[in-house]
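Biologist: Please take me slowly through one part of this structure, and tell me which way its residues face and what lies around them. I would like each step of the reasoning spelled out.

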Amino acid sequence: MKAGRHGGTVGPGPGFGAASSDVDRVMDGIIAVIDAGRVFLVTSHVRPDGDAIGSSLAVYHVLRRLGKEAVVYIQDKIPDMYRFLPGSESIVHRIDTPDRFDTVFLLDCSEMERIGEEYKQLEKIRNIINIDHHLSNDGFTPHALIDVGASSTGEILCRLIKRLGVAVTKEIAVNVYTALMTDTGSFRYSNTGSGTLRLAAEMIERGADPRFIAEHVYETIPLARIRLLQSGLRTLRISEDGTIGSMEVTRKMLADEGALPEHTEGMVDMIRSIEGVVIAVLYQEMPDGRIKASLRSKGTVNVERIARTFGGGGHLNASACMIEGDMAEAKKKMRAAMEAE
């Protein structure tokens, strides 16, 4: 563990429930801000996933149990498969009066810019509490609780909930379990530790129903998503040696299939599941013309380093970045970066 540039904890942290003087100091600082705060804004990154939404809603319920006023803001539409989460109906997608908030909870974000268009307004708010597990997070706020060894932001958040002494209700448990399940690929990825599974069991004991949650997340798939996958598979390419797989999704494909950007979720993991493939890339054409590259890898191949060359980041085996240029240019640049790695 090392200190971030503003004193937050960065690096592999202690296991669930463990403590160190550094973690204690950060926790104490965060708890002091929560105690003193009155109106909280809870937010996460654009194109939110299960960890971003689940963690945000868990914090929302925790703050309300502490008698605080809380608003969850996420710029983009919440994917339909996460609308079952308790509190999702309260999420807002615009902020009219940011100056009324005294504290921001920034979750699952390695930098303020990932919030989206409102980040310049939100970074002016006096207190910023950052809870995250991305390698690219350098602890840019004094109140940063960052553990790159954690399975998810939801897992780190639970350490804070215990320190706060807040009882884990069914609403909190469902959101935390969803964060754990989705960021570990249903507890299949290498970031699944024994502490992750113990925490999942605890959430089940507190009311989370694994079957119900899995059905909503993985087994309620819109037909448009299947049609988009069908179109994407026509672009599937495997390198000559079989170690690199890629697929692409264009704006025209989305329009033709009546699909939404959220319907690309899981496509890159499908590429990674192909026998022999070590690095998987999904290229997605964005509305501004740039290409988003979602990367996945197996073993010790570090796709976070690849993403970082384009200003992106994430985790060792799962990262993303934006690449300037059209699809052909982006693929050429990415191939060079992957070969270098």
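**A close look at one helix**

Modeller: Let me begin with a residue in another helix, as a warm-up: F212 sits in helix α7, which covers residues 210–218. This is a predicted model, and in it F212 is partly exposed, because its relative accessible area of 36% falls between the 20% limit for buried and the 50% limit for exposed.

The part I have chosen for the close look is helix α12, which runs over residues 327–340 and so has 14 residues. From its first C-alpha to its last, α12 reaches 20 Å, close to the 20 Å expected at 1.5 Å a residue. At its N-terminal end the helix is capped by D326, which places a side-chain oxygen 3.3 Å from the backbone nitrogen of A328.

Now consider which way the residues face. M327, A330, K331, M334, A337 and M338 are the buried residues of α12. Viewed down the helix axis, these buried residues fall within an arc of 130°, so they line one face of α12. The general reason such a pattern can arise is that an α-helix has 3.6 residues a turn, so residues three or four places apart point the same way. On the other side of α12, the exposed residues are A328, K332, E339 and A340.

What, then, covers the buried residues of α12? The cover includes the strands β9 (244–249), β10 (279–285), β11 (291–297) and β13 (318–323), together with the helix α11 (303–308).

The same helix also has a part in the second largest pocket, which holds about 190 Å³ of space. Its lining is made up of R237, I238, S239, I244, G245, S246, Y283, K331, R335, M338 and E339. The elements β8 (237–238), β9 and α12 each supply at least two residues of this lining, and α12 gives the most, with 4 residues. K331 and M338, which are among the buried residues of the helix, therefore also appear in the pocket lining, and so does E339, which is exposed.

One of the residues lining the pocket, S246, leads to a last neighbour, T235, which is found in the loop between α8 (223–233) and β8. T235 counts as buried because its relative accessibility is 15%, and buried means under 20%. Leaving aside its neighbours within four places in sequence, T235 is in contact with S246, M247 and E248. Its side chain reaches the backbone nitrogen of E248 at 2.9 Å, while a polar atom of that side chain lies 2.7 Å from the backbone oxygen of G232.

Technical notes
Residues numbered from 1 in each chain as written. Predicted model: local features only at pLDDT ≥ 70, side-chain atom pairs only at ≥ 80, totals over all residues. Heavy atoms only, no water. Expected span 1.5 Å × (residues − 1). Buried < 20%, exposed > 50% of the residue type's maximum accessible area, 1.4 Å probe, protein only. Arc of directions from axis to C-beta. Contact = heavy atoms within 4.5 Å. Polar contact = N/O pair within 3.5 Å; in protein donor to acceptor, adjacent residues only side chain to side chain. 1 Å grid on protein atoms, 1.4 Å probe; cavity = no way out; pocket = protein on both sides within 12 Å on 5 of 7 lines; lining within 4 Å. Points joined across faces, edges and corners; volume = space filled by probe spheres on them.
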